[in-house]
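I opened the model to look up how its helices pack. My entries follow in the order I made them.

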Amino acid sequence: MKISRVIATFGGCGLSPKAPGTVGSLAALLVALPFMRRKRVLATGAVVASVAGWWAADQAGDGEDHGWIVIDEVAGMWISLLACTASKPTEDTSSQENSFIWSLVAFALFRLFDIRKPGPVGMLDRRHDALGIMGDDIVAGIMAAGCIKTFRWLGRALKPAKG
């Protein structure tokens, strides 16, 4: 198997016979969990997945978004997870548990946006090139991250003051 196909399938996750995009997104979530307290590592991973994915999708996909190409889901999922990372590296255990819960919400939102393809996600999905393959999932990840950030902000703003 060529390196471009290994990258495009995220080490074979895209070869799942059922729901390869969901399998790729779930694999991305599992790989990212140990890095949830290391925002820079997660951000670097998202950038590397995006750049390598662009190249791999172009090389292995011949301009088509084949179901087995899931590196785009990996990049988008890691982008969405950036909104779930702890605000401070020293946060307590309950914050880590919240981070895990937010990660599950990010997974659900990312998959929703990736499947339903609202607005710019659908526009990019209609392109038949590496930009379209990678771009729709990157935008879906940004949209999911925006929702998570908004939900977390609302949770803090509506929380009763301790007193």
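I began with what lies over the buried residues of α3. The cover includes α1 (3–8), α2 (20–32), α4 (71–81) and α7 (130–157). I note here that I am working from a predicted model.

I then listed the α3 residues that are covered. L42, G45, A46, A49, S50, G53, A56, A57, A60 and G61 are the buried ones.

I checked the length of α3 next. The helix runs over residues 39–61, which is 23 residues, and at 1.5 Å a residue it should span 33 Å. I get 30 Å between its end C-alpha atoms, which agrees. Just after α3, D62 takes a positive phi of about 50°.

I picked G53 in helix α3 for a closer look. Its relative accessible area is 0%, so I log G53 as buried; the cut-off for buried is under 20%. Which residues does G53 touch, leaving aside its neighbours within four places in sequence? I find I7, V48, I71 and M134 in contact with G53. For the pair G53 and I7, the C-alpha atoms are 6.8 Å apart, although 46 residues separate the two along the chain.

I moved on to α4. How many of the 11 residues of α4 are buried? The count is 11 of the 11, so I describe α4 as largely enclosed by the rest of the structure. The buried residues of α4 are I71, D72, E73, V74, A75, G76, M77, W78, I79, S80 and L81. Charged side chains are on that list, D72 and E73 among them.

I looked up the packing of α2 against α4. Their axes come within 8 Å and cross at roughly 45°. An angle of that value is neither under 35 degrees nor in the 65 to 115 range, and α2 and α4 are therefore oblique to each other. I record the crossing of α2 past α4 as right-handed. On the α2 side the contact uses G21, G24, S25, A28, L29, V31 and A32, and on the α4 side E73, V74, M77, W78 and L81. Sorted by class, this contact of α2 with α4 holds eight nonpolar, three polar and one charged residues.

I did the same for α4 and α7. These two helices pack at an angle of about 20°, and their axes are 7 Å apart. That makes α4 roughly parallel to α7, the cut-off being under 35 degrees. The crossing of α4 past α7 is right-handed. From α4 the contact takes in I71, D72, E73, A75, G76, I79 and S80. From α7 I have I133, M134, D136, D137, I138, G141, I142, A144 and A145. By class, the contact of α4 with α7 has nine nonpolar, three polar and four charged residues.

I compared the two α4 lists. E73 appears in the contact with α2 and also in the contact with α7. I71 and M134, which belong to the contact between α4 and α7, are also contacts of G53.

I finished with the backbone of the loop between α1 and α2. F10 is found in this loop and has a positive phi of about 50° although it is not a glycine. A19 lies in the loop between α1 and α2 as well. A19 too is not a glycine, and its phi is positive at about 50°. Is A19 buried, partly exposed or exposed? Its relative accessibility is 47%, so I enter A19 as partly exposed.

How values were computed
Residues numbered from 1 in each chain as written. Predicted model: local features only at pLDDT ≥ 70, side-chain atom pairs only at ≥ 80, totals over all residues. Heavy atoms only, no water. Helix = DSSP H or I, 4+ residues; strand = E, 2+ residues; numbered from the N terminus. Expected span 1.5 Å × (residues − 1). Buried < 20%, exposed > 50% of the residue type's maximum accessible area, 1.4 Å probe, protein only. Contact = heavy atoms within 4.5 Å. Axes fitted to C-alpha atoms, helices over the stretch in contact; angles between N-to-C directions. Parallel < 35°, antiparallel > 145°, perpendicular 65-115°, else oblique. Left-handed = near helix turned anticlockwise from the far one by under 90°.
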